[in-house]
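Student: I am new to this structure and would like a close look at a single part of it. Could you choose one part and explain, slowly, how it is built and what surrounds it?

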Amino acid sequence: MAVGSALFSIVVPILARGHSSAHSTALCSLGYGTWYGSAFAQALLIACHACLAPKQGAGQVSGHTLWLTVGLWGMAALLGLPIALDSNSSQGRCTVTSSWDLEPLHHTHIVVCFAVFVLLPLGLLGAKGLMTALGRGPGPSVGILWIWFIFWWPHGVLLVVDSLVRARVLLLQTCLAQQALDVLLHLAEALAILHCVAGPLLLALFCHRATRTSFSSQPLPARWSHQDTLGGKS
């Protein structure tokens, strides 16, 4: 998550709406691909941890987990390809292409965002509740890292709403409603950007809690030995 937040922070100046520096199409594609790819990776990592945490002890990291992390990053990069290919440089600013021939890429990106940012956390919560109700185990682990989805959930929902409005499936009766939707889209994007600040804080708090849990789960002789070691160093 820390790597994803760092990558996201790097490309924020490139894709900032008020930034007027000239950018090439390749740089814009790389920026959008990194922007969403890093977000997809963080979401997949949180979901993966939620599913694996009940089966692993605190602080246990196996070789399979490391390879799974690499695989999830690769999957996230693939999921970010549609928006990377759909981006362009217009008047020195990075924009999303609205041409008809690239429309399938845009729709694919919206579906991916809705699936990762909205359906994924809802599915995990549903699985948690269902498995608990049926008494088939604890289900996915719900932890502090799940707060991350709050920053991206509105973005995933509003992208779908905006797409339905543009396709005239959902009709807005007044210009004020369209303006309100535009404002909400900008606010959702700003909230998503804030995750690069909150993400490392959530990760630090998660690691702190995991360390305390791991220490408290140790037998008393091991704790005394650890405390004696710390006392000797001081």
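Tutor: The answer below starts with the whole chain and then stays with one helix and its surroundings.

This is a predicted model, in which local features need pLDDT of at least 70 and side-chain atom pairs count only at pLDDT 80 or more, while totals for chains, interfaces and linings use all residues. Residues are numbered from 1 along each chain as its sequence is written, and side-chain values use heavy atoms, with hydrogens and water left out.

The protein chain contains nine helices and two strands, where helices are DSSP runs of H or I with at least four residues and strands are runs of E with at least two, numbered from the N terminus. Along the sequence these elements come in the order α-α-α-α-β-β-α-α-α-α-α. Of the chain's 234 residues, 33% count as buried, a word that stands for under 20% relative accessible area, with exposed for over 50% and partly exposed for what lies in between (1.4 Å probe, protein chains only).

The part to look at closely is helix 6, which runs over residues 148-166. Helix 6 has 19 residues and spans 29 Å from its first C-alpha to its last, close to the 27 Å expected at 1.5 Å a residue; that expected span is 1.5 Å times one less than the number of residues. Its buried residues are Trp148, Phe149, Phe151, Trp152, His155, Gly156, Leu158, Leu159, Asp162, Ser163 and Val165.

Several residues of this helix belong to a nonpolar core, meaning a set of buried Ala, Val, Leu, Ile, Met, Phe, Trp, Tyr and Cys residues joined through side-chain atoms within 4.5 Å. The largest such core has 41 residues, and Trp148 and Trp152 are among the members that touch the most others, along with Trp35, Tyr36, Phe40 and Phe117. Helix 6 is one of the helices that each supply at least two residues of this core, the others being helix 1 (2-15), helix 2 (25-52), helix 3 (63-79), helix 5 (103-134) and helix 8 (195-216). Helix 2 gives the most, with 14 residues. A second, separate core of five residues includes Leu158 and Val165, together with Leu185 and Ala188.

Phe117 shows how helix 6 meets its surroundings, if contact is taken as heavy atoms within 4.5 Å. Apart from neighbours within four places in sequence, Phe117 is in contact with Trp148, Phe149, Trp152, Trp153, His155 and Gly156, and also with Tyr36, Ala39 and Phe40. His109, located in helix 5, is buried at a relative accessible area of 3%, and, with residues up to four places away in sequence not counted, His109 touches Leu159 as well as Tyr36, Phe40, Pro82 and Ile83.

Other residues of helix 6 are less covered. Val161 lies in helix 6 and counts as partly exposed because its relative accessibility is 26%; leaving out residues up to four places away in sequence, Val161 touches Leu170 and Leu181. Val161 and Ile110 are 51 residues apart in sequence, while their C-alpha atoms are 10.0 Å apart in space. Leu164, likewise found in helix 6, is partly exposed at 33% relative accessibility, and its contacts, without neighbours within four places in sequence, are Val169 and Leu170.

Where does the one salt bridge found in the whole structure lie? It joins Arg166 to Asp162, with the closest N and O atoms 2.8 Å apart, a salt bridge being a side-chain nitrogen of Lys or Arg within 4 Å of a carboxyl oxygen of Asp or Glu. Because they are four residues apart in helix 6, Arg166 and Asp162 are separated by about one helical turn. An α-helix has 3.6 residues a turn, so residues three or four places apart point the same way. The two partners are covered unequally: Arg166 is exposed, with a relative accessible area of 64%, whereas Asp162 is buried, at 10%.

Beyond the helix comes Arg168, placed in the loop between helix 6 and helix 7 (175-193). Its phi is near 60 degrees, a positive value in a residue other than glycine, and Arg168 is exposed, with a relative accessible area of 68%.
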